[in-house]
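Here are my notes on this one, in the order I would go through them with the model open. Have a look for yourself before reading on.

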Amino acid sequence: MLNETANDLQPFWRILSDSLGYGSWVRLVLSKQRATEELVRLTVRMIVIKDQATLSFLYSYQTRDITKNFAPPEGLKEIQDMLGETFKSAHLLTATEEVQVNISKKNKVHLSSRKRKLKDDAEPNETMSSHNREKNRFVDINRPFLTALGVTDHNHQLIPAMARKWKQVNKFIELFSQALAQSSVPSGQPVQVVDFGSGKGYLTFAVHDYLRNSSHQHSQVVGVELRSELASLCNRAAADLADAGLTFVCGDVKTHAPEHTDVMIALHACDTATDYAIHYGIRAKAAVIMCSPCCHKQIRPQMHSPAQLKPMLQYGVHLGQEAEMVTDTLRALLLEAHGYHTKVFEFVSLEHTNKNKMILAIKKSTIGDTDQCFAQIEAIKAFYGIQEHCLESLLRQEA
Ligand SMILES: C[S@@+](CC[C@H](N)C(=O)[O-])C[C@H]1O[C@@H](n2cnc3c(N)ncnc32)[C@H](O)[C@@H]1O
């Protein structure tokens with residue numbers, strides 16, 4: 001490598017080294033290999049082995065993948081040897097920023113970076129071009145589970161009909177990883193995850209894959225699904241992939257026995273199934289609760305529109321929207337009242353529904369004063385004349 005190029009890369013080596021030191025490293029991808037190279041891409045993640053930070057290298061060749069682990073100094077040396085020689089591009093994702101390095105044909109180094117933040121209501125990377133967005137996905141498109149589930153073909157190319165699913169999976173893993181990082185779950189500790197209504201398992205496999213390649217590598221993920229044929233299908237795929245720590249059980253969220261759970265997920269569990277799932281998460285003292293509610297049937301028939309709102313709520317579509325908003329507000333307030341910092345925001349929509357709301361709750365270290373939340377719940381119920389809300393009743397039975 002030319003001296004000038006080596007000098008220009010110094011700021012990038014500092015960023016890499018700092019992100020290792022702070023434990024904020026999420027993923028580094030080296031790509032754009034020189035024409036003579038068989039190696040197509042290198043993905044480096046930070047994991048913890050025997051309490052030691054370790055760099056896990058995934059070398060992706062045309063036809064096979066090889067994984068090797070390095071102690072950080074050797075790993076950084078390996079990356080320094082490859083960037084500029086084997087690869088012309090690097091993309092680093094840390095908990096707080098994204099850094100892109102491109103080396104031109106004339107060996108000029110171009111480095112750019114941007115801060116990352118969890119937005120309440122926007123798509124990730126919305127300021128980037130669609131080309132860059134494709135490159136900066138949270139899930140590596142070469143992961144075998146994507147092929148096993150029919151998201152990619154055997155050459156790891158996205159199957160066009162699965163484009164929306166691919167987008168959802170990425171967005172979900174982005175939110176999941178940020179929520180976990182903000183929660184009380186310590187880095188390096190195995191995480192217990194329950195995914196209620198796991199369906200065909202796309203998100204369940206993605207969560208498992210993410211955790212197993214992160215510092216939480218001995219994590220356990222369980223999908224709970226009412227339809228036995230889907231649970232069996234997913235168990236077969238997990239067995240074929242030899243995915244340790246990933247299981248699917250045929251069960252009902254309403255009766256699933258509480259177990260130790262760090263993260264409770266329920267995406268598009270119908271109507272009150274979402275309330276049972278949240279109730280499970282609160283009972284299990286889950287550090288993170290993520291749900292995307294679907295069909296808000298329970299509250300709608302109970303709602304009496306106050307006189308001022310009658311002109312607006314005479315339209316069925318508005319009444320439906322109002323019922324959804326009221327139901328999810330009560331859920332969010334009940335979560336707050338049980339010690340969770342709760343956000344309600346837009347998530348990317350799924351192919352079987354246009355509903356795209358997410359309730360994300362992260363357990364606080366102290367519960368604090370909850371009287372205000374309970375007072376707000378009572379006021380909303382009184383305003384609309386609501387007699388019963390499923391989650392509230394479930395929580396009352398517990399008390
Ligand atoms: C719309 S799909 C969502 C699948 C997946 N969570 C996703 O978002 O891609 C809902 C799934 O929940 C399952 N389900 C519905 N009610 C359930 C219940 N009470 N307990 C467990 N699973 C349930 C359904 O069989 C279905 O597979």
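1. A contact here means two residues whose C-beta atoms, placed from the backbone, lie within 7 Å. Counting those with a separation of 6 or more, 64% in the protein are between residues 24 or more positions apart. Bear in mind that this is a predicted model.

2. On overall dimensions: the radius of gyration is 23 Å, which agrees with the value near 21 Å that a compact globule of 399 residues would have. The C-alpha trace spans about 75 × 45 × 40 Å along its principal axes. As for burial, 35% of the 399 residues count as buried.

3. The secondary structure tally comes to 13 helices and 14 strands. Half the interest for me is in one sheet: an open one of 7 strands, ordered 10-9-8-11-12-14-13, with mixed pairing. Strand 10 (246-250) and strand 13 (340-346) sit at its edges; each has a single partner strand, so one side of each has no neighbour in the sheet. From one strand to the next, the twist averages 15°.

4. Within that sheet, take a look at strand 8 (residues 192-196) and strand 9 (residues 220-225): they run parallel and are joined by 5 bridges. If you want a spot to zoom in on, Q192 stands opposite Q220 in strand 9.

5. What lies across strand 12, strand 13 and strand 14? That would be helix 11 (residues 316-337), which crosses strand 12 (288-294), strand 13 and strand 14 (357-363). Relative to strand 13, helix 11 runs at about 155°.

Conventions:
Residues are numbered from 1 along each chain as its sequence is written. This is a predicted model: local features need pLDDT of at least 70, side-chain atom pairs count only at pLDDT 80 or more; totals for chains, interfaces and linings use all residues. Helices (H or I, at least four residues) and strands (E, at least two) are DSSP runs, numbered from the N terminus. The radius of gyration is taken over C-alpha atoms; the globule rule is 2.2 Å times the number of residues to the power 0.38. A residue is buried if 20 or more other C-beta atoms lie within 10 Å of its own, exposed if 12 or fewer, and partly exposed in between; C-beta atoms are placed from the backbone. Two strands pair if DSSP finds at least two bridges between them. Axes are lines fitted to C-alpha atoms, for helices over the stretch in contact, and angles run from 0 to 180 degrees between N-to-C directions.
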